[in-house]
Amino acid sequence: SQGELGVGGANYGTDGQILTSTGAGTAPAWEDAAGGSNSTRFQARMTTAQAISNNSETTLVYNTEDYDVGGGYDTSNGLFTCPAGEGGVYWFYWQSHFRDGAGGAYEGKCHRDPEGGGSFAVVNQSNGRTGGSLNIAQAGFFITLTASDILKVTIQHTQSSTQNMLDTDFSTYWGGFKLIT
């Protein structure tokens with residue numbers, strides 16, 4: 001039975017299809033769902049404390065991957081490189097979490113180097129003032145990337161001494177995925 005709804009739980013569509021309208025006065029139709037898969041995605045976290053010197057902008061190296069489909073993230077240097085053929089709109093999120101007690105300011109940033117040319121520019125920033133025992137800079141953002149674009153997350157603080165990033169319980173992490181369009 002083409003385009004009919006089943007009675008008593010009968011289903012005339014096939015796996016992966018959805019019921020769609022074909023317009024006023026016509027029967028609905030079963031059609032294949034549009035979309036695709038997130039072919040490029042990653043999430044990494046810090047599981048080894050990273051020391052951040054006072055007033056020194058430092059690239060954060062999230063050293064443990066939870067997953068990395070597409071191979072874009074490098075745990076040795078903290079850089080994400082958009083793989084060949086995977087340009088498009090992405091959603092990225094990051095959090096840097098460090099211990100503090102002295103007070104001061106901190107600034108987390110995400111930078112983009114178009115096509116790996118060696119010239120990073122800030123594309124996202126999170127500022128704050130510390131003063132408690134645990135302090136967080138975090139953000140999420142959309143960005144359009146082309147193949148070979150490179151992203152990195154940095155942190156800088158004014159604590160008058162070296163501070164360690166928190167490396168437990170998914171406190172310091174970074175991830176992203178390409179949107180299905």
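**Exercise 1. Place His157 in the fold and describe its surroundings.**

His157 has its place in strand E13, where strands (E, at least two residues) and helices (H or I, at least four) are DSSP runs numbered from the N terminus. The model is a predicted one, in which local features need pLDDT of at least 70 and side-chain atom pairs count only at pLDDT 80 or more, while totals for chains, interfaces and linings use all residues. Residues are numbered from 1 along each chain as its sequence is written, and side-chain values use heavy atoms, with hydrogens and water left out.

The next step is burial: His157 counts as buried because its relative accessible area is 3%, and buried means under 20%, exposed over 50% and partly exposed in between, with a 1.4 Å probe and protein chains only. Leaving aside neighbours within four places in sequence, the residues in contact with His157 (heavy atoms within 4.5 Å) include Ile52, Ser53, Phe98 and Tyr106. Finally, a polar atom of the His157 side chain lies 3.4 Å from the backbone oxygen of Ser53.

**Exercise 2. Decide whether Glu86 is buried or exposed, and find its partners.**

Begin with the location, which is the loop between strand E8 (79-81) and E9. Glu86 counts as buried, because its relative accessibility is 17%. Apart from neighbours within four places in sequence, Glu86 is in contact with Ser39, Thr40 and Lys178. With Lys178 there is a polar contact from side chain to side chain, at 3.5 Å; such a contact is a pair of N or O atoms within 3.5 Å, where within protein one must be able to donate a hydrogen and the other to accept it, and where residues adjacent in sequence count only if both atoms are side-chain atoms.

**Exercise 3. Describe the largest nonpolar core and name the strand that gives the most to it.**

A nonpolar core is a set of buried Ala, Val, Leu, Ile, Met, Phe, Trp, Tyr and Cys residues joined through side-chain atoms within 4.5 Å. The largest one here has 25 residues, and among those with the most contacts inside it are Leu60, Phe92 and Trp174. Strands E3 (41-45), E9 (88-99), E10 (104-113), E12 (134-145) and E13 (150-157) each supply at least two of its residues, and E12 gives the most, with 5 residues. In soluble globular proteins, nonpolar side chains tend to be buried together. Across the protein chain, buried residues make up 38% of the 181 residues, and the chain has 0 helices and 15 strands.

**Exercise 4. Characterise the ring pair of Phe42 and Phe80.**

The structure holds 13 aromatic pairs, counted where rings of Phe, Tyr and Trp (its six-membered ring) have centres within 6.5 Å; planes under 30 degrees apart are stacked, over 60 edge-to-face and the rest tilted. Phe42 and Phe80 are stacked, at 5.1 Å centre to centre with 15 degrees between the planes. This pair links distant parts of the chain, since Phe42 is in strand E3 and Phe80 in strand E8, 38 residues apart. Phe42 counts as buried because its relative accessibility is 1%, and Phe80 is likewise buried, at 1%. Tyr90 and Phe92 form another stacked pair, with 5.7 Å between centres and 15 degrees between planes, and both of these residues are buried. To complete the picture, Phe42, Tyr62, Tyr73, Phe80, Tyr90, Phe92, Phe141 and Trp174 form one aromatic cluster.
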